[in-house]
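User: I would like a close look at one part of this model, with the reasoning spelled out. Please start from a single side chain and work outwards.

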Amino acid sequence: PDPSQGGNSLAWDLMWNDPAPSGQGVDVPEGLLGPDGFGHNTSRGTAHMFSAEALEHFLRSNGFSHLVRAHEVRKAGFQVQQHAKMV
């Protein structure tokens, strides 16, 4: 459940955070993301969005090479995003 209703905020963010749109003619509106590369997830109305730079910082800091997300269906089976660091 939503953290505002007693749910776990870490589990909520892991499930509902999304990459900020980038490339393919889509740009993040100025001011939407903070200097740390995170901002409110306006497309879902909850959780956060993160930039490719924020993802790369997270991966380096934790010794990971990529992030795999698996809660959205893609017609082609998968989508490569965030400077090819997220599938």
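Does F78 count as buried or exposed, and at what relative accessibility?

Analyst: This is a predicted model. F78 counts as exposed, because its relative accessibility is 52% and the cut-off for exposed is over 50%. F78 sits in the segment after α2, the helix that covers 52–62.

Which residues share a nonpolar surface patch with F78? They are V68, V80 and V87. Together with F78, these residues offer about 380 Å² of accessible area.

Next, the backbone of this segment. Just after α2, G63 has a positive phi of about 70°. H83 also takes a positive phi, about 55°, and H83 is not a glycine. H83 belongs to the segment after α2. With 51% relative accessibility, H83 counts as exposed. A84 is another residue other than glycine with a positive phi, here near 65°. A84 is placed in the segment after α2 as well. The relative accessibility of A84 is 43%, so A84 counts as partly exposed.

K85 lies in the segment after α2 too. Which residues does K85 touch, leaving aside those up to four places away in sequence? Its contacts are L55, E56, L59, S65, H66 and L67. Take E56 as an example: K85 and E56 are 29 residues apart in sequence. In space, their C-alpha atoms are 7.4 Å apart. K85 counts as partly exposed, because its relative accessibility is 29%.

Two of the K85 contacts, L55 and L59, lead into α2. L55 and L59 are among the buried residues of this helix, along with A52 and A54. These four cover an arc of only 160° around the axis, so they fall on the same side of α2. What do the buried residues of α2 pack against? They pack against two strands, β2 (38–40) and β3 (48–50). The other side of α2 carries E53 and R60, and both are exposed.

Now the salt bridges. A search of the whole structure finds two. In one, R44 pairs with D18, with the closest N and O atoms 2.6 Å apart. R44 is in the loop between β2 and β3, while D18 is in strand β1 (residues 18–19), so this bridge ties together parts that are 26 residues apart in sequence. R44 has a relative accessible area of 31% and is partly exposed. D18 counts as buried, at 7% relative accessibility.

The segment after α2 supplies a partner as well. R69 forms a salt bridge with D18, and the closest N and O atoms are 2.8 Å apart. R69 lies in the segment after α2 and D18 in strand β1, so this pair ties together parts that are 51 residues apart in sequence. Shared partners join D18, R44 and R69 into one network of salt bridges.

Aromatic pairs come last. The search of the whole structure finds two. In one, the ring centres of W12 and W16 are 6.2 Å apart and the planes meet at 55°, so the pair is tilted. Why are W12 and W16 separated by about one helical turn? Because they are four residues apart in helix α1 (residues 9–16). W16 is partly exposed, with a relative accessible area of 26%. The rings of F58 and F64 have centres 6.1 Å apart and planes at 40°, so this pair is tilted. F58 counts as partly exposed, at 39% relative accessibility. F64 is partly exposed too, with a relative accessible area of 49%.

Back to the starting point. F78 is exposed and lies in a nonpolar patch with V68, V80 and V87. Elsewhere in the segment after α2, K85 touches L55 and L59, among others, and R69 forms a salt bridge with D18.

Notes:
Residues are numbered from 1 along each chain as its sequence is written. This is a predicted model: local features need pLDDT of at least 70, side-chain atom pairs count only at pLDDT 80 or more; totals for chains, interfaces and linings use all residues. Side-chain values use heavy atoms; hydrogens and water are left out. Rings of Phe, Tyr and Trp (its six-membered ring) pair if their centres lie within 6.5 Å; planes under 30 degrees apart count as stacked, over 60 as edge-to-face and the rest as tilted. Buried means under 20% relative accessible area, exposed over 50%, partly exposed in between (1.4 Å probe, protein chains only). Patches are made of residues with over 30% relative accessible area and no salt bridge: like charges are joined within 9 Å, nonpolar side chains (Val, Leu, Ile, Met, Phe, Trp, Tyr) within 5 Å. Accessible areas come from the Shrake-Rupley method with a 1.4 Å probe; for residues, only the protein chains shown count as cover. A salt bridge is a side-chain nitrogen of Lys or Arg within 4 Å of a carboxyl oxygen of Asp or Glu. The arc is that of the directions from the helix axis to the C-beta atoms. Contact means heavy atoms within 4.5 Å.
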